[in-house]
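Me: I am new to this structure and would like a close look at a single part of it. Please take the sheet, and go through how its strands are arranged and what sits around them.

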Amino acid sequence: MSSKFKPVSRRLLCAMPGKATDLILPSGLIAPESAKSVTEVLDIVAVSGDIEYCKAGDRALVLKNGGAEIIVDGIRRILLDERVLLGVFCNDTAAPTEGVL
């Protein structure tokens with residue numbers, strides 16, 4: 001049985017990124033994944049009806065560790081508030097180009 005999950009109150013549901021290995025610095029010290037960057041790019045799975053500038057299938061640049069990890073149908077997802085959203089890579093070719101790089 002597949003459950004339906006719909007984000008509410010200006011939130012996005014995103015796919016969790018795959019596990020990455022730790023970064024080994026030239027000095028031999030190991031930097032954990034969390035020290036590499038403060039942002040990450042996630043695939044948007046679902047959005048609340050209040051958000052109009054992105055949709056499922058887009059990719060989002062978000063602040064790292066800015067959401068709540070949940071499990072939907074046995075799959076790890078991350079639920080984000082739109083305040084941690086920095087930008088969206090749109091998949092819509094018909095989208096207006098004004099303000100888009």
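Reply: What follows goes from the whole chain to the sheet, then to the core, and then to some individual residues.

The model is a predicted one. The protein has 8 strands and 0 helices, so along the sequence the pattern reads β-β-β-β-β-β-β-β. Of its 101 residues, 27% are buried. Among contacts between residues at least 6 apart in sequence, 63% join residues at least 24 apart.The sheet itself is open and has 6 strands, in the order β6-β7-β1-β4-β5-β8, with antiparallel pairing. Strands β6 (67-72) and β8 (85-89) stand at its edges, and each has a single partner strand, so one side of each is left without a neighbour in the sheet. On average, and with direction ignored, neighbouring strands of this sheet are turned by 40 degrees against each other. As background, strands of a sheet pair through backbone hydrogen bonds, which may run in the parallel or the antiparallel sense.

At one end of that order, β6 and β7 pair in the antiparallel sense over 6 bridges. Two of the facing positions can be named. G67 has L80 in β7 as its bridge partner, and I70 stands opposite R77 in β7. The two strands form a hairpin with 2 residues between them. In the turn, D73 has a positive phi of about 55 degrees.

A positive phi also appears at two places outside the strands. N65 lies in the loop between β5 and β6, and its phi is positive, about 60 degrees, although N65 is not a glycine. N65 counts as exposed, at 65% relative accessibility. S9 is found in the segment before β1, with a positive phi near 55 degrees, again in a residue other than glycine. S9 is partly exposed, with a relative accessible area of 44%. For context, most residues other than glycine have a negative phi.

Next comes the core. The largest nonpolar core has 13 residues, and those with the most contacts inside it are L12, C14, L42, I44, C54, V62 and L80. Four strands, β1 (11-15), β4 (39-47), β5 (59-63) and β7, each supply at least two residues of this core. The most comes from β4, which gives 3 residues. L42 shows how such a residue is surrounded: leaving out residues up to four places away in sequence, L42 touches C14, A15, P17, D58, R59, A60, V62, I78 and L80. L80, the bridge partner of G67, is thus named both in this list and among the core residues with the most contacts.

Two of the core residues named above are cysteines, C14 and C54. Both are buried: C14 has a relative accessible area of 0%, and C54 has one of 6%. What keeps them from forming a disulfide is distance, because the sulfur of C14 is 8.1 Å from the closest cysteine sulfur, in C54, too far for a bond. The cut-off for counting a disulfide is a pair of cysteine sulfur atoms within 2.5 Å. The structure holds 0 disulfides.

The last part to look at is where β7 meets the residues just before β1. D81 is in strand β7 (residues 75-81) and is buried, with a relative accessible area of 18%. The cut-off for buried is under 20%. The side chain of D81 reaches the backbone nitrogen of R83 at 2.9 Å. Leaving aside neighbours within four places in sequence, D81 is in contact with R10 and R11.

R10 is found in the segment before β1. R10 is partly exposed, with a relative accessible area of 32%. Not counting residues up to four places away in sequence, R10 touches S48, D50, I51, Y53, L80, D81 and E82. With D50 there is also a polar approach: a polar atom of the R10 side chain lies 2.7 Å from the backbone oxygen of D50. R10 and E52 are 42 residues apart in sequence, and their C-alpha atoms are 9.7 Å apart in space.

To put the pieces together: the sheet is open, with β6 and β8 at its edges. The nonpolar core draws at least two residues each from β1, β4, β5 and β7. From the segment before β1, R10 touches residues including L80 and D81.

Note on methods: Residues are numbered from 1 along each chain as its sequence is written. This is a predicted model: local features need pLDDT of at least 70, side-chain atom pairs count only at pLDDT 80 or more; totals for chains, interfaces and linings use all residues. Side-chain values use heavy atoms; hydrogens and water are left out. Buried means under 20% relative accessible area, exposed over 50%, partly exposed in between (1.4 Å probe, protein chains only). A polar contact is a pair of N or O atoms within 3.5 Å; within protein, one must be able to donate a hydrogen and the other to accept it, and residues adjacent in sequence count only if both atoms are side-chain atoms. Contact means heavy atoms within 4.5 Å. Two strands pair if DSSP finds at least two bridges between them. Axes are lines fitted to C-alpha atoms, for helices over the stretch in contact, and angles run from 0 to 180 degrees between N-to-C directions. A nonpolar core is a set of buried Ala, Val, Leu, Ile, Met, Phe, Trp, Tyr and Cys residues joined through side-chain atoms within 4.5 Å.
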